[in-house]
Amino acid sequence: MRIGILTSGGDCPGINATIRGVCKTAINHYGMEVYGIHSGFRGLLDNDIVPLTDKDLTGLLNMGGTILGTSREKPFKKRHSASSENNKPALMLKNIQDLQLDCIVCIGGNGTQKTATKLAQAGVNVVSIPKTIDNDVWGTDSSFGFDSAVTIATEAIDRLHSTASSHQRVMVIEVMGHKAGWIALYSGMAGGGDVILLPEMPYNIRNIGNTIIERLKKGKTYSIVVVAEGIKTPDGKKAAEYIAQEIEYETGFETRETVLGYIQRGGAPTAFDRNLATRMGGHATELIANGQFGRMVALQGSRIGSIPLEEVAGKLKTVNENHDLIIQGKRLGICFG
Ligand code: F6P
């Protein structure tokens with residue numbers, strides 16, 4: 001069999017480990033041929049596709065980013081001008097046919113799963129693997145990239161404690177996560193956040209201010225506030241900037257903000273993400289060998305399974321306020337807004 005593999009959407013630690021998992025399993029265990037598609041779905045449009053051999057796959061396990069490159073190309077997206085017909089799908093199908101690719105492996109987040117579903121509905125054999133630091137892909141307990149981003153954010157939060165304590169300040173740190181609060185919840189709890197704000201839970205500056213002042217009354221002269229980038233703010237203000245201003249105004253505490261940004265997407269994956277990537281990559285190749293297409297690989301409890309792509313497309317996995325990290329956090333006196 002000849003399989004093509006592409007990586008699409010935001011990059012993250014663990015993509016190269018996944019490419020390694022798919023391709024080395026395909027070549028060594030199933031005797032398949034593997035072709036790398038550059039820059040996500042744009043590579044299918046531009047026919048920017050190269051054969052991958054075992055030699056190309058060394059040193060990938062702990063390498064950040066993606067050797068194939070990525071893009072946010074959405075080939076099925078309707079064009080604005082009604083006149084210009086969107087011929088991208090037909091072009092992709094022709095290139096796949098001309099190259100005689102038997103299956104396309106799509107590694108990506110929600111946008112990628114949606115495009116992969118449309119490609120499958122157009123008759124292409126597709127298997128997808130969930131990838132995102134946001135952990136917001138529905139149907140899988142975790143996606144690789146998430147544990148690495150949480151580890152990076154937690155290390156950053158740990159460092160804020162000493163500077164906050166030395167200056168008796170409130171430190172606000174904004175973490176990624178798009179519209180979901182998974183990174184803020186997991187890194188906020190692991191990093192000892194005193195206030196953790198999630199897009200999924202409403203917040204009130206008065207409550208936040210009271211938490212900080214109550215802490216002061218107990219002799220805690222600094223506080224750490226962890227904010228998800230996707231929280232609601234007036235006029236679309238940046239989360240950390242807005243919350244820091246409001247806290248300083250509400251409490252009179254000297255407050256500073258840090259936006260962690262793309263550092264959460266860089267560098268080597270954690271051991272957990274490397275092994276998750278290897279497991280998911282290998283399982284994707286097994287699905288192809290068994291002729292099971294139109295499915296997304298998923299972590300389900302302690303096992304790796306798969307679910308129909310149709311079930312995933314268009315859905316978002318957000319934080320439920322009954323998550324036990326939130327329940328336990330509240331019992332510790334942490335303010336969630
Ligand atoms: O989806 C991953 C992510 O890092 C989000 O957390 C963030 O909001 C978004 O990508 C940033 O998008 P871009 O890489 O296009 O700036």
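**Exercise 1.** In this predicted model, find what phi Q168 takes just after α5, then work back along the helix.

*Solution.* Start at the end: Q168 follows directly on α5 and has a positive phi of about 50°. Step back into the helix itself, which runs over residues 146-167 and counts 22 residues. From first C-alpha to last, α5 reaches 32 Å, close to the 32 Å expected at 1.5 Å a residue.

Next, look at which residues of α5 are buried: among them are V150, A153, I157, L160 and A164. Here's the handy bit: an α-helix has 3.6 residues a turn, so residues three or four places apart point the same way. Finally, check the cover. The buried residues of α5 are covered by elements including β6 (170-175), α6 (182-190) and α9 (271-289).

**Exercise 2.** Work out which residues surround the ligand, and how much of its area the protein buries.

*Solution.* List the surroundings first: R72, I133, D134, M176, G177, H178, E229, Y262 and R265. Now pick out polar pairs with ligand oxygen atoms. A polar side-chain atom of R72 sits 2.9 Å from one. For E229, a side-chain N or O atom is 2.6 Å away from a ligand oxygen, and for Y262 that kind of distance is 2.4 Å. As for area, the ligand taken alone exposes 400 Å², and the protein buries 72% of that.

**Exercise 3.** Is the protein as compact as a globular protein of its length, and why?

*Solution.* Count the elements: 11 helices and 11 strands. Then compare sizes: the radius of gyration is 22 Å, close to the 20 Å from the globule rule for 337 residues, so the protein is as compact as a globular protein of that length. On top of that, 53% of the residues count as buried.

Technical notes:
Residues numbered from 1 in each chain as written. Predicted model: local features only at pLDDT ≥ 70, side-chain atom pairs only at ≥ 80, totals over all residues. Heavy atoms only, no water. Helix = DSSP H or I, 4+ residues; strand = E, 2+ residues; numbered from the N terminus. Expected span 1.5 Å × (residues − 1). Buried < 20%, exposed > 50% of the residue type's maximum accessible area, 1.4 Å probe, protein only. Contact = heavy atoms within 4.5 Å. Near = heavy atom within 4 Å. Polar contact = N/O pair within 3.5 Å; in protein donor to acceptor, adjacent residues only side chain to side chain. Areas by Shrake-Rupley, 256 points an atom, 1.4 Å probe, with all protein chains shown as cover. Rg over C-alpha atoms; globule rule 2.2 N^0.38 Å.
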